[in-house]
Structures are given as C-alpha cells and as structure tokens.
Amino acid sequence: NNVSATPTSNYAKSGNGYAKITFLSPQYLERTNTKLNNVRYIKDCINGSNITANNHWVELKAIYQGINVAKNKTVTGTSPYNASYKPYTAITDEDINYANYSQASISGALQCITVDLKESYDLDEIGVWHYWQGGRTYNSNTTYVSSDNTTWTPVMANTNAESSEGKVVTAQDPNITINPVYNLT
C-alpha cells in the first residue's frame, strides 16, 4: 500500500493498488421507435369527448436532446380557434395548466392541430395534453408525424382518460437499457 499520490507520467504511479478507469459511453435507452425520426410536423386530431363535442388542446411538446423544440412554434388548425378561449399559440407555450386551453371553433367533427417545428429532428419524445378535467376521453384521438406535411405516420392512438400527465410517445424502449461502458485496466 505504498501508493504515491503524485503521478509520475501518463497516470503511472509507483507502488501497489493502481487502476485506470476510462469512461467510454453513457447509459442510454435504446432508440427503437424510428417513427420519431426525421420529424418536422406533428398533428394531433380529436373528435370531441365523452363529455362534450368540443375539441380542446392544452399543450404539445416535442423533445429533442432534452429540449422542447416545439416551444413557441406555429400552430395551425383545421378550423380557426374559438376566440372565447386561448389562441392556438398557447398550445406550444409550455404551460400545461388545464385552464389554459385552446378550442377549435367547430365542434362535433374531427379537428386537428398541426405544429411546424421549422426543421426536422430525430425526436426523443412527443407529449400531448388535452383538457383533462373530469377524466375526459377524447374520441378518435390520434397523433401523427410528417417530414413533408403531406405523408403522415400515426405514432400514438390513445383513448385513455386524459390526465395532468398528458399522453406521451417515446423513441426509446424503456425495457432495453444500454449500460454505461467503462474500460478498466
């Protein structure tokens, strides 16, 4: 146990008990959902709920490397928003308070909102929040992605009751973890 506290060269030390550990790669979840690759546009469609024929959106987030790339991006709808409620721009303001929702001006019909991310990303996650008070279940709720605003791929079709947790689809499989890799010499 005569280990010198001062390295002599290239991390070499005199005495016993020395090991060099080199970090090679981080732990990460394996990216298995390739539908979230090359995404520029995100569309979320609903057709009223079990409580009302109105269509409500609270928030849409698109996460890329830990950043919400949908923040303050342009949102359009298949119909104008109802001026008695928040404008569609509120859907990308990062406020998930259920009281800050946008409503389509047409009710009783399938309505969609589309967010243009302005460039393409290999997204890690998409989250969508609808008005959730009363545990609403929205009809025909499907979220789509596109690289060209023409060809749409469904990535989430969820008719579970809404909650403050929103509905999320990820690119990573939570059941497959790639552990950190170290080299021990």
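Which backbone nitrogen does the side chain of Asp148 reach at 2.9 Å? One answer is the backbone nitrogen of Thr151, and the hairpin around Asp148 is a friendly place to begin. The model described here is predicted, so local features need pLDDT of at least 70 and side-chain atom pairs count only at pLDDT 80 or more, while totals for chains, interfaces and linings use all residues. Residues are numbered from 1 along each chain as its sequence is written, and side-chain values use heavy atoms, with hydrogens and water left out.

Asp148 sits in the loop between S11 and S12. Helices (H or I, at least four residues) and strands (E, at least two) are DSSP runs, numbered from the N terminus. Strand S11 covers residues 142-146 and strand S12 residues 153-157, and the two pair in the antiparallel sense over four bridges; two strands pair if DSSP finds at least two bridges between them. Within this pairing, Val145 has Thr153 of S12 as its bridge partner. The two strands form a hairpin with six residues between them, and in its turn Asn149 has a positive phi of about 65 degrees.

Asp148 makes polar contacts inside the loop, a polar contact being a pair of N or O atoms within 3.5 Å; within protein, one must be able to donate a hydrogen and the other to accept it, and residues adjacent in sequence count only if both atoms are side-chain atoms. Besides Thr151, the side chain of Asp148 reaches the backbone nitrogen of Thr150 at 2.9 Å. With a relative accessible area of 39%, Asp148 is partly exposed, where buried means under 20% relative accessible area, exposed over 50% and partly exposed in between (1.4 Å probe, protein chains only). Asp148 and Val39 are 109 residues apart along the chain, yet their C-alpha atoms are separated by 8.5 Å.

The hairpin belongs to a wider sheet. This open sheet has five strands in the order S7-S9-S3-S11-S12, with antiparallel pairing. Its edge strands are S7 (75-77) and S12, each of which pairs on one side only. From one strand to the next, the twist averages 25 degrees; axes are lines fitted to C-alpha atoms, for helices over the stretch in contact, and angles run from 0 to 180 degrees between N-to-C directions. Elsewhere in the sheet, S3 and S9 run antiparallel and are joined by seven bridges. One of the bridge pairs links Asp44 to Ile113 in S9.

S3 and S9 are also tied together covalently. The structure holds one disulfide, a disulfide being a pair of cysteine sulfur atoms within 2.5 Å. Cys45 and Cys112 form this link, with their sulfur atoms 2.0 Å apart. The pair connects distant parts of the chain, since Cys45 lies in strand S3 (residues 39-46) and Cys112 in strand S9 (residues 111-121), 67 residues apart. The link is right-handed, with 110 degrees about the S-S bond, and both cysteines are buried.

Asp116 offers another view of S9, the strand in which it is placed. At 13% relative accessibility, Asp116 counts as buried. Its side chain is joined to that of Arg40 by a polar contact of 2.8 Å, and the side chain of Asp116 also reaches the backbone nitrogen of Lys118 at 2.8 Å. Not counting residues up to four places away in sequence, Asp116 touches Arg40, Tyr41, Lys73 and Thr74, contact meaning heavy atoms within 4.5 Å.

His130 lies in the loop between strand S10 (125-129) and S11. With a relative accessible area of 1%, His130 is buried. Polar contacts join its side chain to that of Asp44 at 2.7 Å and to that of Glu162 at 3.1 Å. Among the residues that His130 touches beyond four places in sequence are also Ile46, His56, Trp57, Val58, Tyr138 and Asn141.

The nonpolar interior completes the picture. A nonpolar core is a set of buried Ala, Val, Leu, Ile, Met, Phe, Trp, Tyr and Cys residues joined through side-chain atoms within 4.5 Å. The largest such core has 31 residues, and those with the most contacts inside it are Leu36, Ile42, Leu60, Ile113, Leu117, Leu123 and Ile126. At least two core residues come from each of S3, S5 (59-64), S9, S10 and S12, and S9 gives the most, with four residues. Leaving aside neighbours within four places in sequence, Leu36 is in contact with residues including Tyr121, Leu123, Ile126, Val145, Val155 and Val169.
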